[in-house]
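The following exercises concern the interior of a protein and its cysteines. Please attempt each task before reading its solution.

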Amino acid sequence: MLIAAPLLDDVIAHAREEYDAECCGLLGYASDGDQLPRAVRVHRATNVFVSRKRFEIDGKELLATLGAFEREGLELGAIYHSHTHTEPYPSQTDINFAANWPGLEWVIVGLAAEQPEVRCYLIDGAHVREVPLEVS
């Protein structure tokens, strides 16, 4: 995934602001042919669970955001969330949740260290593969 620095900064800021619970949101991608997928829009979502261990986006909010992406000519490319006290690696809960979203990238912001760490993954069943996250 390719993401502009201000968009990634927004995702990290969201994670810091929601530190008492996992933040979550959606990234809208623009298609550039054979190049890396490019995130061009961040939607900060509300975690209905308000939990440090899991997240969920309300169905109405999700549908409204997907509709807005479509009207803008974008596609849902990634779901992001934070891990407030662990490294940015998919938990079993994340892996189970990803089964409902095949082909999406998963961006995780880890806040356990002094500096946030951001990683991106593709999750296919129990197989987790880290994919490049390039900041432009």
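**Exercise 1.** Is Cys120 buried or exposed?

*Solution.* The model is a predicted one. Step one: the relative accessible area of Cys120 is 0%. Step two: the limit for a buried residue is under 20%, so Cys120 counts as buried.

**Exercise 2.** Determine how many disulfides the structure contains, and explain the result for Cys24 and Cys120.

*Solution.* Step one: in general, a disulfide covalently joins the sulfur atoms of two cysteines. Step two: the two sulfur atoms must lie within 2.5 Å. Step three: for Cys24, the closest cysteine sulfur belongs to Cys23 and is 6.7 Å away, which is too far for a bond. Step four: for Cys120, the closest cysteine sulfur is also in Cys23, at 14 Å, and this too is too far for a bond. Step five: a search of the whole structure accordingly gives 0 disulfides. Cys24, with 0% relative accessibility, is buried.

**Exercise 3.** Describe the largest nonpolar core and the elements that contribute to it.

*Solution.* Step one: this core has 20 residues, and those touching the most other members are Met1, Leu27, Tyr80, Val107 and Val109. Step two: two or more residues come from each of helix 1 (5-17), strand 2 (24-30), strand 3 (38-45), strand 4 (75-83), strand 5 (105-110) and strand 6 (117-124). Step three: the greatest contribution, 5 residues, is made by helix 1. Step four: apart from this core lies another, of 19 residues, including Ile57, Ile79, Ile108 and Tyr121.

**Exercise 4.** Which residues more than four places away in sequence does Leu27 touch?

*Solution.* Among them are Met1, Val11, Ala39, Val42, Phe69, Leu76, Tyr80 and Val107. The contacts of Leu27 also include Arg41 and Glu75.

Terms used
Residues are numbered from 1 along each chain as its sequence is written. This is a predicted model: local features need pLDDT of at least 70, side-chain atom pairs count only at pLDDT 80 or more; totals for chains, interfaces and linings use all residues. Side-chain values use heavy atoms; hydrogens and water are left out. A nonpolar core is a set of buried Ala, Val, Leu, Ile, Met, Phe, Trp, Tyr and Cys residues joined through side-chain atoms within 4.5 Å. Buried means under 20% relative accessible area, exposed over 50%, partly exposed in between (1.4 Å probe, protein chains only). Helices (H or I, at least four residues) and strands (E, at least two) are DSSP runs, numbered from the N terminus. Contact means heavy atoms within 4.5 Å.
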